[in-house]
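Please open the model in your viewer and keep the selection panel at hand. The stops below go from the whole chain to single side chains.

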Amino acid sequence: MTEDISMKKIILICLLSLPGSLLFAGDHDLLDENACNETKEGIGGALGIADYLFKEVERLDKEKPKNEQKQKELFEAALAFSEIAENYSTVYAVWCKD
């Protein structure tokens with residue numbers, strides 16, 4: 001049970017560490033240069049978190065192969081961060097063209 005709570009805390013902290021201004025666009029342009037840079041940083045951050053979580057799944061598989069529930073939770077979180085990176089990448093590709 002405590003592992004479950006700590007995993008939720010880790011995921012929450014990771015989500016909160018992503019650039020917050022990506023949620024709201026400015027009044028004039030949908031994304032200005034600063035917002036595009038933050039989007040790019042958000043992509044890198046989400047990919048980094050996803051990579052870390054995927055590696056944790058692999059580590060648990062080797063060290064504690066019977067801990068399937070924890071592996072499943074980590075894998076689902078890694079997929080979620082991968083999807084966040086994919087969504088940010090789409091926004092970046094559409095609105096941050098040079």
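The tour begins with the overall fold and then turns to the core, an aromatic pair and the salt bridges.

**The whole chain**

Begin with a cartoon of the protein chain, bearing in mind that this is a predicted model. The secondary structure comes to three helices and zero strands, and from the N terminus on the elements run α-α-α. If you now switch to a surface display, you are looking at an accessible surface of about 7100 Å², of which 57% belongs to carbon and sulfur atoms. Of the 98 residues in the chain, 29% count as buried. As for contacts, among those with a separation of 6 or more, 71% are between residues 24 or more positions apart.

**The nonpolar core**

Next, select Ala46, Ile49, Ala50, Leu53, Val57, Leu60, Leu74, Ala77, Ala78, Phe81 and Ala85 and show their side chains, since these eleven residues make up the largest nonpolar core. Which elements give two or more residues to this core? They are α2, which spans residues 33-63, and α3, which spans residues 68-95. Colouring the selection by helix will show that the largest share, six residues, comes from α2.

**The aromatic pair**

Keep α2 and α3 in view and add the rings of phenylalanine 54 and phenylalanine 75, the former in helix α2 and the latter in helix α3. The count of aromatic pairs in the model comes to one, and it is formed by these two rings, which lie 5.7 Å apart centre to centre with 65° between their planes, an edge-to-face arrangement. The pair links distant parts of the chain, its two members being 21 residues apart.

Are these two rings buried or exposed? Neither word fits, because phenylalanine 54 has a relative accessible area of 27% and is therefore partly exposed, while phenylalanine 75, at 38% relative accessibility, also counts as partly exposed. A nonpolar core is a set of buried residues, so phenylalanine 54, being partly exposed at 27%, does not belong to one.

**The salt bridges**

Now hide the rings and display the charged side chains of helix α2, where the remaining stops lie. How many salt bridges does the structure hold? There are three.

For one of them, select lysine 55 and aspartate 51, whose side chains meet at 3.1 Å, N to O. These residues are four apart in helix α2, which means that about one helical turn separates them. Aspartate 51 counts as partly exposed, because its relative accessibility is 37%.

Move on to arginine 59 and glutamate 56, whose side chains meet in a salt bridge of 2.8 Å, N to O. Here the spacing in helix α2 is three residues, so that the two partners are again separated by about one helical turn. Their accessibilities can be compared in the viewer: arginine 59 is partly exposed with a relative accessible area of 34%, whereas glutamate 56 counts as buried because its value is 17%, and the cut-off for buried is under 20%.

Finally, leave arginine 59 selected and add glutamate 63, which forms a salt bridge with arginine 59, their closest N and O atoms being 2.6 Å apart. Glutamate 63 and arginine 59 are four residues apart in helix α2, and therefore about one helical turn separates them. With Glu56, Arg59 and Glu63 shown together, you have the last stop of the tour, one network joined by salt bridges that share partners.

Conventions:
Residues are numbered from 1 along each chain as its sequence is written. This is a predicted model: local features need pLDDT of at least 70, side-chain atom pairs count only at pLDDT 80 or more; totals for chains, interfaces and linings use all residues. Side-chain values use heavy atoms; hydrogens and water are left out. A nonpolar core is a set of buried Ala, Val, Leu, Ile, Met, Phe, Trp, Tyr and Cys residues joined through side-chain atoms within 4.5 Å. Buried means under 20% relative accessible area, exposed over 50%, partly exposed in between (1.4 Å probe, protein chains only). Rings of Phe, Tyr and Trp (its six-membered ring) pair if their centres lie within 6.5 Å; planes under 30 degrees apart count as stacked, over 60 as edge-to-face and the rest as tilted. A salt bridge is a side-chain nitrogen of Lys or Arg within 4 Å of a carboxyl oxygen of Asp or Glu. Contact means heavy atoms within 4.5 Å. Accessible areas come from the Shrake-Rupley method with a 1.4 Å probe; for residues, only the protein chains shown count as cover.
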